Structure formats: structure tokens, C-alpha cells
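The report below walks through selected local features of a protein model, beginning with strand pairing and ending with the chain as a whole. Please keep the sequence and the coordinates at hand while reading.

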Amino acid sequence: MRAVPTWIDKVHDRDKVEQCIYDLAFKPDGSQLIVAAGNRVLVYDTSDGTLIQPLKGHKDTVYCVAYAKDGKRFASGSADKSIIIWTSKLEGILKYTHNDSIQCVAYNPVSHQLASCSSGDFGLWSPEQKSVSKHKVNSKITCCGWTNDGQYLALGMMNGVVSIRNKNGEEKVKIERPGGSSSPIWSIAWNPSKDEHNDILAVADWGQKLSFYQLSGKQIGKDRTLTYDPCCVSYFSKGEYIVMGGSDKQASLYTKDGVRLGTIGEQSSWVWTCRVKPDSNYVVLGCQDGTIAFFQLIFSTVHGLYKDRYAYRDSMTDVIVQHLITEQKVRIKCRELVKKIAIYRNRLAIQLPEKILIYELYSDDSSDMHYRIKEKICRKFECNLLVVCSQHIILCQEKRLQCLSFTSIKEKEWLMESLIRYIKVIGGPPGREGLLVGLKNGAILKIFVDNPFAITLLKQSTSVRCLDMSTSRSKLAVVDEHNTCLVYDIHTKELLFQEPNANSVAWNTQCEDMLCFSGSGYLNIKASNFPVHQQKLQGFVVGYNGSKIFCLHVYSMSAVEVPQSAPMYQYLERRMFKEAYQIACLGVTDSDWRDLATEALEGLDFDTSKKERKKRGESDTELFLADVYAYQGKFHEAARLYKRTGLDSRALSMYTDLRMFEYAKEFVGAADPKNTRMLMSKQADWAKNSKEPRAAAQMYLTAGEHLKAIDIIGEHGWVDMLIDIARKLDKAEREPLAKCAAYFQKLKHHGYASETYSKMGDLQALVHLHVEARHWDEAFALVEKHAQFKDDVYVPYAQWLAENDRFEEAQKAFHKAGRQSEAVKVLEQLTHNAVVESRFNDAAYYYWMLSMQCLDIARGTKEEMLKKFKRFQHLAELYHVYHSIQRYTDEPFSSHMPETLFNISRYLLHNLTKDVPLGISKVNTLYALAKQSRTLGAFKLARHAYEKLQELHVPSRFQESMDLGSLTVRSKPYHDNEDLIPMCYRCSTNNPLLNSQGSVCINCKQPFIYSASSYEVLPLVQFYLDKGIGDEEAVSLIDLEYVSLPEP
């Protein structure tokens, strides 16, 4: 881990006095940094450290700042006892106070609830609250923090207590540190990781301890001893690391378990605060002397690879060994910073700060993943590179190489002439392994661990970046500092070839002449001196074994399966069959193997061809000889040998592939009619491919392949041939007959299709044929005889009628099909169209028809349909009435008397108390009522209508008339003409002209009955007969003249 300074700033006041940085907070998107400095709040751009704006609002030192999780606002707290809420636009919007100086603030991560803590109490405030709810505490609060779910707030105090409160401020858990008031809690932080099962609280106190607790108050592990007073604790966004700073004048990086990993930045004064930029590796420090230092942490990859085993560092303190073929993994927990890793055969070396651990596998099994400690070298080493062998470790420090035994005895030392850039173990007997070493000056050396003298293999002019040696130790591949891959012959020192754009290189461990190199987003595979084969790949190549390439991308290693087809075909093009066979053994497809065998036979390389056949399980010599004869053009000899080995089909395939159908017939003879038919079929295939379709069709028919013949005839539209076949076929041969009928249908010969379906007896297909052809009369005739097909005919017929705008006929057709719901849907669509097009009379008629249909459907006990009947009847009435209103407002003349329009408007408004149906305008209705009311002397009602219109959006064409009418009606008396006031004929009560209860009496709730023409209230009263009174008796009682009795 390296800390790279990005930017540094130092804060002074106007008198050049250094201002202590007490707190820092990042905007959640990481773009801005809020700084508590002196009595100001400073806002920085995190990209370059530019001061965006100083915010003034506090009168004393600002001790704390915090940003809300949604990034819309932040808060600052000061020694002036006040909290200021700022928006993301850097505007102060709210201020509230405590009785003491503010020590810390924290926003709830799931809401805008803000916790503000002072020396004597803490407050909880959210925007929806009118006041801050405050809670007294018995000690000064120094730090606070919310759990990830925002349910609990932890408070760290001067008396060494951590108090965990719920959102209402009630204490739920109390953690008392052993040191009490002599170990004040100075900083706390909850782990933000979503992977942790429990909420984990990190607590740093001035007893120089770091501790971890669960939400329940239970301590996790033991206290971690520090060598300084910690002032700040901050987690990385994913919770994997902790940053801490304090009196040691530096910030340090720790694991989430409290293991120190290294120093981030040394300062010249106490580090009072530190924060990690959200979702990044950037850390910012705030110091006593006003320094703000922004660092980027760079985590290097610590790893090692040997063949198919890859070991790498995880979480800085663990080592994971991965088997790249089986994908098995094993984790080794070291609980200290892992500095270097080396792996070789059954050995694994891990360098920790104060020791090196040597592990070995439990067994020699190639798939075994269980490691145990073999040796511990308890010494501190400084090295750039680490290598492990069977009995030694090799330490590389700049120019020096040291060979140590596992018991820490230095056995050899080599001093190079230049810096060592690359080192690799290339195998050898235990205790005598060879090392390949690349230097910065371009020298490449070979060193044996039991030999004090290094062997120079070659020297080039450019620095070495990566090295690898071929399996036979005869070729050397080098990637230099200019990203060029150079391949040398080790014995002659000759440069064989070079390729650009390389960052790493690896030889194939199973094939001498193959190597791969990566660079510029591509994987390059080179066989011998053939051109490079490329494919896209991100990362670095670190190994090449058979058909698998091991690639490191960022921090993950993967095994990429690469087909070897391309290099195999490169060898085949040069007729290098043995080399092509070697490549094929690494992994190619079955078709590639067949191509190799074919090419080898054609090239008369029988050894390679034989090997390929053996690989496929073919070992018969006569069969091999038959293939050879066939490739040499001796077809009859080949056919005899095929027959002798019992593979007559191969001989037939040979003859038919060569279009030698006469020879094939002779070979088969008249003995086997099956083979004869097969030959005819193959000959037909050939005729078809030779663009002789008529001949092919005849041959297929002769061979009994009716389906193929029908396909050819149908595709070419030869209807006469097709009907001839259909008439000759037996009715039991349903598949070819169905295919004939389908082609007749496609070719629009419905008569022939009908004849074919009738022959098959497929009535359903016949019905569908008539429906598709729109031959409705034939379809109806079929339905009369076979009622089960009623749905198959009437439903598409109704849909066809509807598509052709014959909706009423379509509706009747749906009725015939028994599809009542579709019939209703058609009418509903008709009704909707009529309303949208303002044809309200038609809409009324369609709603009436809908209601009648619903009544018809509800003959049984369907409550839902009865409800629909009533609703549709009501809508029919409304649209019928509104038709008159619409004509009055939209047309220059009206056929209705003023009284009728007056009554219609009132009727409509009485029925529009709840929802207004689509298309009906309340504005038009009120406008008509206002005008007719004024004409008939109902001035009070007219004024009411004009006032209601004022509340609505009135079209511009009515505006002038409405304004004028509204003014003139005010000059009229504020009452209505008594002749217009309706009376209830049941209780004789006078009712208002507009009744908020609807069309019922305000006294007895008797519904009014209206005239269907003038919409006047009729003198009718609805009543119900008592039980036992029949209809005739009721009529006679009504006809009786009322006689008044004399008073006594």
C-alpha cells in the first residue's frame, strides 16, 4: 500500500494564525469536502483542492460538520452553541441552539434526522418537527454515529461510556470501558459493510485502545493496543479498512479487525480528523496546524503463480490459494500484513512484517489444497521480490540476491551489475533449481541455487520487463520497456522474431513452438514463425498450459480456454502434419480432427492420419486402406474393401457423393429394395441441388419420399402435379395430404384444398379454410350440420364484420356464437366512439342497447349484470338529455322551449353530483341553465349558476356572454319565480330549483318522476302494494273517488 499526496492546503485566518481543522465531511457523491476551520465552514472541490466558498454564520470555533446521505443538506456545529443547516447550494436555511458548545453532529443515514451533541445534552431534529427534542446526559459527549439502518445512535463520552440510544433518544445499551473517565471515548464509527451480519461499532479511546462491539454491547475480540491517543476513526465505504489518526501526527491504515497495515501520511502536528472519500481509495486528513492533506491509496497486487496454482493477498492480511483448473480455493488467515507471496510446486512462502512463513501441501496429490506450516523464519527482511524453491527462499533487494535455507541460514549471495527487474524459478532438481533473472540494463541471467556463479544468457540494449523460457530451454521470450516481445535462440543468441504491443509473455508448457503475449486489450498467440492470431482479452498473460491461458485482470486470475484451431490450420497450410497433430492434441474440435486426418491422407502422411484414427477409436487396417484407395481415386477397390469390413454404407456414400449413381446401383444390386429407395432419394437430392426440380420430384415419388416431392412441387407452384398426387394418395396418409392442402391454401386454390381436407375427413381444417378464404356461406352451411364448430365460424365472422365497420351485425354474430362479453365489448367501443365524436344521441341509443343486453344476460341470478343494466340505463338517459344541451350551446337555433331547456339543465345537474361521464360538459350545462333561468325569472338560480361557472375553466367563446350575464343578473331581485319552484306530490313540500341531494324531495326523499319530453316533474307518486292486495284490486282502489267524512 502506497499513499500518494493529491493536494495539500493550509488554513489561516486574516491574521495568518493557523486554524485547527476539527472536522471534515464529504458530500455523498465525493465532489465536495466540507471543512470545520476556525469560525468558518470551508467548501473545497475534492478534484484539485480548490476552495469553492467559505461559509460564515458561526461566531466561534466550528467543531463539527456532517452531510446528509441524500446530499441535499449539511450541518455545522460550533462553540457558539448553535447548529446551522446548509443546503447543497451553500445557503444557510435554519439555525437552532443548545445550552453548551456543540461537540459533534451526525445525520441519520436513512432520513434527514440530525443528532446534535453538546457538553450537557444531545438533540434530535428533523425537518417535519417544529422543535428539537433534547435529552440530558451526565458527561460531555465527544463523538456520535448512527447505525446503517438509522435505528440507533451511539454516543461516546468523556467518562469512558458509550451510550446507544434509539431514534427517540432512549438509552438501550450502555458500554462502560475499563479505564472510565481516565480513558475518554474520543471517536466511534459503525462499520458500513452490508456483508456483516451484525452492526459493528469501532471505539477508540484515550486509554490508547481500539475496540469493537456489537449493537448488543458485546465486545468482539480483545482490545487492540495503540501507541498514541486516537482522535478520529473512519471506515472505508465497504467497511474493509479503517483509517485512524491522532497524537502520533500521522494517519494509519488498519484492517476492519484492527490490524495495522501502514502509514498514510506523516504530519507535523496532531491529526484531529480523517475521512475516506465515498466509494474510493482517497483519504483526507485535518490537522492541528490547519493542514488539509488529500491522499490516494494505491493497493498493489501481491501474488504468486506456479502452473495451475495461483496465490494472492486478500484483505491485506489473508492469502487465498486458487486452483485455476478446478476453481478450488483455500484461505490462509495470517492476521498480519502480507507483504510478499511466492509459490513453487508444493511450497508456499508468505512474508509478514516480522517473519516469513513456509507452508507445504499435505500430500503429493495434484488436486490437494490443504497447506500446513513447514518452517517459520522469524526475522525481518527488506526485499523487492521473493521466490521460494523446494529447500530455499530467494530474497531480492535491488541488485542483491540472497539464498536462504528454511532455517534462516544464508547459503549464497549474488550481486548483480544492475537493478533486478524480474525473477522466476524455471525448475530443476530439489536444492538445485534454476532461476531466470532479468536486469534493468537488459542483461538476462541464469542462476542455479547451488552455484555461486551466474550465467549470462544474453544482453540486450533495453530494460527487461518480463521473461519466460521454453520447455526445452532452447528459446527465450523477453518483453522490454518499450512493450516489444523479442524471442531469441538461447544457443546462437539470434533474434528469431519480435512483436509489438506486449506487456507480458508466456510459453506453452506442452508445446515448444507456441507462445502467447498480451497487450493493448488483445491476446496474441504465435506458433513457430506463422503470423500472430489475435483475440480480445483484458489483462496480463501469466501462464500458458495446453489450451488454457492464465490471465490476471486487475486483482482476479482466470483460466481462459483458447481453441488451438487457428495455429493447427497454419501448420496444415504448410503441410506440417506432425506439428499440426501436436497442436491438435492440446485441444481442437471434432471437425478440426477430421480435417487434420483428411489433409494428412491427401498429403500421404499416413502416420499422422493413423494416429488421428486411433484417437477416434478406429484401428481396422483394411478400413484405413479403403480410405486410402478412395483418396487415390481407386473407387471400386475401395468399395470392395468397405464391403469386406461390413461398411457398405460408406461405399454407397462414396458413390453417391461422387454422383456415381449407376455404380452405386450395381453395388447394391436388386437384393435390397431399402437401399434402392435410398439411392433414388440421394439421386433426387442431387437433381434438386443441380437445379432440376421436376426430375427430382419424380425421383422422390419413385423412392416413396412423398413429403420431399410435395415440397418441391408446392414451392414451384405446379398445381396439376400436386392435385394428381393428392388424388392418388390414400386417405390414411394424412401428413402428405395435409401438406398438399397447405400448399393449395398458400397458392389460393381453395377448391382443391377443400377437396383434400374433405378426403381426409378433417372438418376443423375445412372450417378454418372457409373462414380464412372469407367463404362465409360454405362455413355457415358446415356449422348447420356440425354445431360444434359454431365458435370457429361466428367469432372470426364477427371480428371480420367489426373490422369492416359493420358493428351492429358483428354484435349479432357474437351473440350467435354465445360470446356475450365480446358482444358487449363491441357495443362499449361503439358507445365510446360516439361520445368522443360528440354524437350523444347515438351514445344514448348504444347505452340503451347495452343495458338491454345486460338485462338479457342477467335473466338468471347475475347481480353484476343487473348493476350494469342500471348504470347503462342511467347513462343512456344522461346522454339523451345532454344531446339537447350540446345542440343549444353549439348551434345557433334550438327547437326546445326555454322551460324545457331549463328543466333539462336542472335534471342533468341533479344527476352530476358525483362523477361526470365522458363528453358531458358541466360548463355547457351551467351556461344553458344560467341563460334560461334569467329568461324565466329565476334570478337567484341564474346568479348561482354564474358563480359556479366562475370556478370552472370556461371556453373563450362563452366568456364575454358569461361576464355580461353575470353583471346584469346582479341588477335583478335575488329570488326565483314562484311558478318555477317544484313541489313534491307526496308531501306537498316546495323544493329548491337546485337540490344538492339530487332528484329527490328534501323532506320525504321521494324520487321525482320526470316527463320524457319537457322534463317537468309529473304529479306521480311511487308506492308499493301491501301483501295480499292483487293488481286488479289495486286498480279498483285507485279508481275509487275520495270521500271526505264529516267532522263529529
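## A four-stranded sheet, S18 to S21

In this predicted model, strand S19 (200-205) pairs with strand S20, which spans residues 209-214, in the antiparallel sense and over six bridges. Within the pairing, alanine 202 has phenylalanine 212 of S20 standing opposite.

The two strands belong to an open sheet of four, ordered S18-S19-S20-S21, in which the pairing is antiparallel. The edges are taken by S18 and by strand S21 (224-225), and because each of these has a single partner strand, one side of each is left without a neighbour in the sheet.

## Glutamate 196, between S18 and S19

The loop that lies between strand S18 (185-190) and strand S19 (200-205) contains glutamate 196. Is this residue buried, partly exposed or exposed? Its relative accessible area is 26%, so glutamate 196 counts as partly exposed, given that buried means under 20% and exposed means over 50%.

Leaving aside residues up to four places away in sequence, glutamate 196 touches Asn191 and Lys256. A separation of 9.0 Å is found between the C-alpha atoms of glutamate 196 and glycine 239, two residues that lie 43 residues apart along the chain.

## Cysteine 20, between S1 and S2

Another loop residue is cysteine 20, which is located between strand S1 (2-10) and strand S2 (21-26). Its relative accessibility is 9%, and therefore cysteine 20 counts as buried, the cut-off being under 20%.

Which residues does cysteine 20 touch, once those up to four places away in sequence are not counted? The partners are Ala36, Ala37, Gly38, Trp272, Cys287, Gln288 and Gly290. For one of these partners, cysteine 287, the C-alpha atom is separated from that of cysteine 20 by 6.3 Å, although the two residues are 267 residues apart along the chain.

## A second four-stranded sheet, S45 to S48

A further open sheet is formed by four strands in the order S45-S46-S47-S48, again with antiparallel pairing. Strand S45 (464-469) and strand S48 (495-499) stand at its edges; each has a single partner strand, so one side of each has no neighbour in the sheet. On average, and with direction ignored, neighbouring strands of this sheet are turned by 20° against each other.

At one end of that order, strand S47 (residues 485-489) is joined to S48 by four bridges, and the two strands run antiparallel. Leucine 486 has glutamine 498 as its bridge partner in S48.

## Packing of helices H23 and H25

Helix H23 (residues 922-936) packs against helix H25 (residues 956-969) at an angle of about 40°, and the axes of the two helices are 11 Å apart. Because of that angle, H23 is oblique to H25, and the crossing of the two helices is left-handed.

On the side of H23 the contact is made by Val923, Asn924, Tyr927 and Arg934, while H25 contributes Phe958, Ser961, Gly965, Thr968 and Val969. By character, the residues of the contact of H23 with H25 comprise four nonpolar, four polar and one charged.

## The protein as a whole

The secondary structure of the protein amounts to 26 helices and 55 strands. Of its 1048 residues, 49% are buried. When contacts between residues at least 6 apart in sequence are considered, 41% of them join residues that are at least 24 apart.

Note on methods:
Residues numbered from 1 in each chain as written. Predicted model: local features only at pLDDT ≥ 70, side-chain atom pairs only at ≥ 80, totals over all residues. Heavy atoms only, no water. Buried < 20%, exposed > 50% of the residue type's maximum accessible area, 1.4 Å probe, protein only. Contact = heavy atoms within 4.5 Å. Axes fitted to C-alpha atoms, helices over the stretch in contact; angles between N-to-C directions. Parallel < 35°, antiparallel > 145°, perpendicular 65-115°, else oblique. Left-handed = near helix turned anticlockwise from the far one by under 90°. Nonpolar A, V, L, I, M, F, W, Y, C, P; charged D, E, K, R; others polar. Pairing = 2+ DSSP bridges.
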